[in-house]
Amino acid sequence: MKKRLLFLLLLGCSHTLRAEPPGVETEAAAYAKTLKKLTDVMVNDVTGPCASARYYAYANLAAYELLYQQKRPASYVPFGGLLRSYPAFAGPPDAQIDARFGSLYALLRMGEELLPSGYTLEKDRLALVKEAKNRFRLTDARMQATRAYADTLVKKLVRYAAQDGYIKTSGYLRFTPTNEPGYWQPTPPAYSEAYEPHWPKLRPFLLDSASQFRPLPMVKYDERTGSPFFQLAKEVYDTTRALTDQQRHIANFWDCNPFFLNQKGHVSFGTKKITPGGHWMGITSIVCLQRNLSLAETVRWHTLVGLTMADAFISCWEEKYHSNRIRPETFINQHLDRDWRPMLQTPPFPEYTSGHSVMSAAIATVLTTLAGGPVTYTDTVELEFGIPARSFRSFEQAASEAAVSRLYGGIHFRDSIENGVAQGKQIGRFFIQKMGIK
């Protein structure tokens, strides 16, 4: 399945790749394939959207830091003094450090250390070591020097990650929903407790604070027929009852629900899928392959996307638990149709703003700048989950479609979507300016 997905990623590229000898894998493809191994572990672990963004940020940072310290690529910026509380790293003491092997090794090691089931990546790391020795003919001395340096970087980054506040979130009091009108309540079918209510307490990577980019005020809650809020709910209700096949496809394509609970009579079972962050990591890999980027640029693109999505989720979650707004499903069941269900399953956290809208807009803004303008590409990320590919004229078009998919899916009001997009663009522009992305 993994080999098939990599082939489909290559197949979806509309630009011609540089000719390579048969059987020789490009550096961009090797990195994308290795990162996909971390994604597969997250899918298996049912890692939520916030946590997956955090893992992507730290894992890619390990590869970025190794390349920066070893090669000092011209497009790279030092993260010391830029990312909050970022530690200092010493350059490699040995000139024998191999950049390709080291970056892939560091990526896997960071996944091993951070992911709940990261231990399953050990076999991939050992296979990488074997490949480096047999296929790429690295000497034992060069391999050992590279591994030792990568392990040193990873240890320091693991300590850095341990200080971001994530570990403390499990010790905070549970979030208790209020019964007051207009506020979030658990929704069918699982009525799960609130997901990551303390995520805004995490240390952002680049943002000054979780509340730095608060969105415009949401439409005021009002149950009266004809009120602006009632009309928002009515729009969701009417839209979902008259969806076209295209709109259904768009909703499914951008669903990105890591755990869909299926119910067949008295039997319930879960379906695992990729998160929003995993989807955009896949898009980043597709375009890196399409443009045949160097290893250094491939790592740079993935790292900047990872950092952007991590801070976008912190920003969005700060607003979610600040406003604590009711979901369309709850309001519609109470005031319009008690039997109505959205096309997508309502996720277990407050409604305002739309997480996919915020994160997608932020990443699209950064990727567009990295690419130097709009990029046409075919998104094959969801093929492994049985959802056909979609082609886009630009990252911004994809982000806009991801945002409106939440209306088609019946899980967000329009102001949450539109104000979420604006919030995400602000975050993206902030990253571009602070990182000096060109």
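A residue is called buried when its relative accessible area is under 20%. I start there because S360, at 0% relative accessibility, falls under that cut-off and counts as buried. What I am showing is a predicted model.

Let me stay with S360. This residue sits in helix α13, which covers residues 355–371. Its side chain makes two polar links. One is a polar contact of 2.9 Å with the side chain of W280. The other runs from the S360 side chain to the backbone oxygen of H356, at 2.8 Å. Setting aside residues up to four places away in sequence, S360 touches W280, A399 and A402. So W280 appears both as a polar partner and in the list of residues touched, given that contact is defined as heavy atoms within 4.5 Å.

Next, D415. Its helix is α15, residues 414–435. D415 has 8% relative accessibility, and therefore it also counts as buried. Which backbone atom does the D415 side chain reach? It is the nitrogen of V219, at 2.9 Å. Beyond its neighbours within four places in sequence, D415 is in contact with M218, V219, L232, R325, Y352 and G420.

Now a whole helix, α5, residues 122–134. With 13 residues at 1.5 Å a residue, α5 should span 18 Å, and its end C-alpha atoms are 18 Å apart, so the two values agree. Where do the buried residues of α5 lie around its axis? The residues in question are D124, R125, L128, V129 and A132. Seen down the axis, they fall within an arc of 145°, which means that they line one face of the helix. K123 and K130, on the other side of α5, are exposed. As for what the buried residues of α5 pack against, the partners are α2 (27–45), α4 (99–114) and α6 (140–162).

Last, the empty space inside. Searching the whole structure gives four cavities of 30 Å³ or more. I will describe the second largest, which holds about 50 Å³ of space. Its lining consists of C50, R54, Y58, D164, W199, L202, R203, F205, A310 and I314. Two elements, α3 (49–71) and α11 (295–323), give two or more residues each to that lining. Of the elements, α3 gives the most, with three residues.

To recap: S360 and D415 are both buried, α5 has its buried residues along one face, and the second largest cavity takes three lining residues from α3. That is the end of my part.

Technical notes:
Residues are numbered from 1 along each chain as its sequence is written. This is a predicted model: local features need pLDDT of at least 70, side-chain atom pairs count only at pLDDT 80 or more; totals for chains, interfaces and linings use all residues. Side-chain values use heavy atoms; hydrogens and water are left out. Helices (H or I, at least four residues) and strands (E, at least two) are DSSP runs, numbered from the N terminus. Buried means under 20% relative accessible area, exposed over 50%, partly exposed in between (1.4 Å probe, protein chains only). A polar contact is a pair of N or O atoms within 3.5 Å; within protein, one must be able to donate a hydrogen and the other to accept it, and residues adjacent in sequence count only if both atoms are side-chain atoms. The expected span of a helix is 1.5 Å times one less than its number of residues. The arc is that of the directions from the helix axis to the C-beta atoms. On a 1 Å grid over the protein atoms alone, a cavity is a set of points where a 1.4 Å probe fits but cannot get out, and a pocket is an open set with protein on both sides within 12 Å along at least five of seven lines; lining residues have an atom within 4 Å of a point. Grid points are joined across faces, edges and corners, and a volume is the space filled by probe spheres set on the points.
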